[in-house]
Amino acid sequence: RSMAVEDYGLTLCGTGNRYADPEHEFMRAEIDFETIDEAGGLGGIVNNECKSVSPFLADQWGEEDSQEIPADYFAQVQFALMVTGRPLAYVWALFGADKLVRYTIPREPDDVIDGIRARAAHFWNAHVLARVPPAPVTIDDVEFLMSRLQGREVVATPDVEDALQRYRNAKAVAKGAEDEIE
């Protein structure tokens, strides 16, 4: 934050402030820091988010002042813009110890913001309040769920057993083909 304020001549007006969505009290966002937009013509307060970037993930970030940031950060910024009602955010990415890059993220159109709000409200009602975890979507989700079951016996459903047998058969066919090629 201090590098951004100093290097870009920003006027700091808040740090770590928390806001609630005007339509849903449970939707909240904490803004890393807020600045007054003096040069951009908005005449208001701008959200600012700080991120440290691993050298292994640097290729997920675009050129300075672009909107090319990882999707999960983009979603976080749009959620915060929805909650605060602001039109613009800066994401400050620190590459290594001293390369600070600014990304300029304008608020998405109202139909996109309305979609974010609706999905968040649905998730809150269907999963948080109902205490029903969402179904796994990615392999990482499955690995997380399975890690909690280590050491416990889990009985496979007939569909899972069938899929496992088809997988084993396919692997055997592939192995046979590799041996034949060899």
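Reader: Let's start with Val 112. Does it count as buried, partly exposed or exposed, and what is the reason?

Author: This is a predicted model, so everything here is computed from it. Val 112 sits in helix α3. Its relative accessibility is 34%, and buried would need under 20% while exposed would need over 50%. So Val 112 counts as partly exposed.

Reader: How far apart are the C-alpha atoms of Val 112 and Val 83?

Author: Along the chain, Val 112 and Val 83 are 29 residues apart. In space, their C-alpha atoms are separated by 13 Å.

Reader: Okay, on to the helices. Is α2 roughly parallel or roughly perpendicular to α3, and why?

Author: Helix α2 covers residues 71-84 and helix α3 covers residues 110-129, and their axes are 10 Å apart. The packing angle is about 95°. Angles from 65 to 115 degrees fall in one class, so α2 is roughly perpendicular to α3.

Reader: Which residues make that contact, and how many of them are nonpolar?

Author: From α2 come Gln 78, Phe 79 and Met 82, while α3 brings Ile 113, Ile 116, Arg 117 and Ala 120. Sorted by type, there is 1 charged residue and 1 polar one, and the nonpolar ones number 5.

Reader: Now the sheet. What is the strand order?

Author: There are 5 strands in an open sheet with mixed pairing. β1 (11-20) and β5 each pair on one side only, which puts them at the edges. From one strand to the next, the twist averages 35°. The order is β1-β2-β3-β4-β5.

Reader: Do β3 and β4 run parallel or antiparallel?

Author: Take the other pairs before this one. β1 and β2 run antiparallel with 8 bridges, β2 and β3 run antiparallel with 4, and β4 and β5 run antiparallel with 8. Between β3 and β4 there are 7 bridges, and these two strands run parallel.

Reader: Which residue is the bridge partner of Leu 12 in β2?

Author: Look along β2, which spans residues 28-36. The partner there also stands opposite Val 46 in β3. For Leu 12, the bridge partner is Thr 35.

Reader: What about the β4 and β5 hairpin: which residue in the turn has a positive phi?

Author: β4 and β5 are joined as a hairpin, with 3 residues between them. Across the pair, Val 91 has Tyr 103 of β5 as its bridge partner. In the turn, a positive phi of about 70° belongs to Gly 96.

Reader: How many residues of β5 are buried?

Author: β5 has 8 residues and is mostly covered. The buried ones number 6.

Reader: Which strand gives the most to the largest nonpolar core?

Author: That core has 12 residues in all, including Trp 61, Leu 81, Phe 95 and Tyr 103. At least two residues each come from α2, β4 (88-95) and β5 (99-106). With 4 residues, the biggest giver is β4.

Reader: How many residues are in the other core?

Author: This other core lies apart from the largest one. Met 27, Val 83, Ile 113 and Ala 121 are among its residues. Its size is 9 residues.

Reader: Last one: where does α2 lie relative to the strands, and at what angle does it run to β3?

Author: Helix α2 lies across β1, β2, β3, β4 and β5. The angle at which α2 runs to β3 is about 160°.

How values were computed
Residues are numbered from 1 along each chain as its sequence is written. This is a predicted model: local features need pLDDT of at least 70, side-chain atom pairs count only at pLDDT 80 or more; totals for chains, interfaces and linings use all residues. Side-chain values use heavy atoms; hydrogens and water are left out. Axes are lines fitted to C-alpha atoms, for helices over the stretch in contact, and angles run from 0 to 180 degrees between N-to-C directions. Angles under 35 degrees count as roughly parallel, over 145 as roughly antiparallel, 65 to 115 as roughly perpendicular and the rest as oblique. Contact means heavy atoms within 4.5 Å. Ala, Val, Leu, Ile, Met, Phe, Trp, Tyr, Cys and Pro count as nonpolar, Asp, Glu, Lys and Arg as charged, and the others, Gly among them, as polar. A nonpolar core is a set of buried Ala, Val, Leu, Ile, Met, Phe, Trp, Tyr and Cys residues joined through side-chain atoms within 4.5 Å. Buried means under 20% relative accessible area, exposed over 50%, partly exposed in between (1.4 Å probe, protein chains only). Two strands pair if DSSP finds at least two bridges between them.
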